[in-house]
Amino acid sequence: GCGGGGGGSGSGGGDGSITMGFSQVGAESGWRTANTKSVQESAKAAGITLKFSDAQQKQENQIKAIRSYIQQKVDVIAFSPVVESGWDTVLKEAKNAKIPVILTDRAVDSKDTSLYKTFLGSDFVEEGRKAGKWLVEQYKDAKDPVNIVELQGTTGSAPANDRKAGFQEVVGADPKFRIVASQTGDFTRAKGKEVMEAFLKANPDIDVLYAHNDDMGLGAIEAIEGAGKVPGKDIKIITVDAVHDGMQALADGKINYIVECSPLLGPQLMDLAKKVVKNESVPARVVTEETTFTQEQAKTALPSRKY
Ligand code: AHR
């Protein structure tokens, strides 16, 4: 063996230990905080040494972190790409260094799929469709136009692109649904509030808010209340994630429907990491199982939610 085998960086798994470099998007939302906790706790439980960095929603920071993990010769790199495009160069560097890469939560648009071993995460297009289907059902007997405003996630991110596309695909089939405004709120509460304030000023007649995550929806609730309207009644609200604060607002009647997106990816990520380090085959895509919540379902589910 590997004398001294201290399990430090670049041990190459020679003494059985694995070092993972993980580049996180940031700390923009309750979802992200829960995801970080899941990754950190699962690494510990799996005996994997974790090098963790927070990119503060900036791609350049993620590229720097990945390069530093390559330099440190970690055994496996996992990351949640803030945006979809622009990864080929750094992923080729990892491949040349023979360090396997796992995508978690968000996808890249690289044509060369040999640049990563697997992609673990939700089907964001399906999440958008679920949001749209609920809306279509709610307004199935309505004759008047339904004015929708949309708070998009981080521009260029997979969840923003896909949640928009899936929703559009469903509501676009009926011209009574009109998306009258759509702008990014960067997945944060503060931005969600700010952009919703602007939406309310420009559009006197908003029926529905579709927010790509709970946090932006929660910020928007403050804006709606500030404008003297009742969230959940005057303006119907659909969000994605089902983090604790979102579920509370749903149970309280301020949100009308939440499409779940699970942040608890840690255990599956560690299992996949162990396999790719041993050069075992893994599925190219691992999709997270998810559900949806109405207000009644939220009341029942809240006490046992893990995040
Ligand atoms: O990539 C997942 C998304 O990122 C979550 O839905 C959102 O809350 C987070 O910021």
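**Entry 1, the annotated span.** I began with residues 22–280, whose end C-alpha atoms lie 20 Å apart and whose content is 44% helix and 20% strand. The UniProt record, an unreviewed entry, places the feature "domain: Periplasmic binding protein" at these residues. I note here that I am reading a predicted model, and that the name of the domain comes from the record.

**Entry 2, the chain as a whole.** I then looked up the overall make-up and found 10 helices and 12 strands in the chain. The C-alpha atoms fill a box of roughly 75 × 40 × 30 Å along the principal axes. I compared the radius of gyration, 21 Å, with the value near 19 Å that a compact globule of 307 residues would have, and the two agree. Of the 307 residues, 49% count as buried. When I took the contacts with a separation of 6 or more, residues 24 or more positions apart accounted for 74% of them.

**Entry 3, the ligand shell.** Next I turned to the ligand, which has 13 residues around it, and of these S29, W31, P159, F187 and N213 come nearest. By class, the residues of the shell divide into 5 nonpolar, 2 polar and 6 charged. I also asked which elements supply the shell, and found that α1 (30–46) and β9 (236–241) each give at least two residues to it.

**Entry 4, helix α5.** I followed P159, one of the residues that come nearest to the ligand, into helix α5, where P159 is among the buried residues. This helix covers residues 158–171, and its 14 residues reach 20 Å from the first C-alpha to the last, which is close to the 20 Å expected at 1.5 Å a residue. The helix is mostly covered, with 10 of its 14 residues buried; among them are A158, N161, D162, R163, K164 and F167, so the list holds charged side chains as well as nonpolar ones. I looked for what lies over these buried residues, and the cover includes helix α4 (124–138) together with the strands β6 (146–152), β7 (177–184), β8 (208–211) and β9. Strand β9 therefore appears twice in my notes, as a supplier of the ligand shell and as part of the cover of α5.

**Entry 5, residue N96.** Finally I checked N96, which has its place in helix α3 (residues 88–96). I count N96 as exposed because 9 C-beta neighbours lie inside 10 Å, and the cut-off for exposed is 12 or fewer. From N96 to E28 the C-alpha distance is 32 Å, and the two are 68 residues apart in sequence.

Terms used
Residues are numbered from 1 along each chain as its sequence is written. This is a predicted model: local features need pLDDT of at least 70, side-chain atom pairs count only at pLDDT 80 or more; totals for chains, interfaces and linings use all residues. A residue is near a molecule or strand if its C-beta atom, placed from the backbone, lies within 6 Å of it. UniProt positions are given in the numbering used here, feature names are shortened, and annotations may be inferred rather than shown by experiment. The expected span of a helix is 1.5 Å times one less than its number of residues. A residue is buried if 20 or more other C-beta atoms lie within 10 Å of its own, exposed if 12 or fewer, and partly exposed in between; C-beta atoms are placed from the backbone. Two residues are in contact if their C-beta atoms, placed from the backbone, lie within 7 Å. The radius of gyration is taken over C-alpha atoms; the globule rule is 2.2 Å times the number of residues to the power 0.38.
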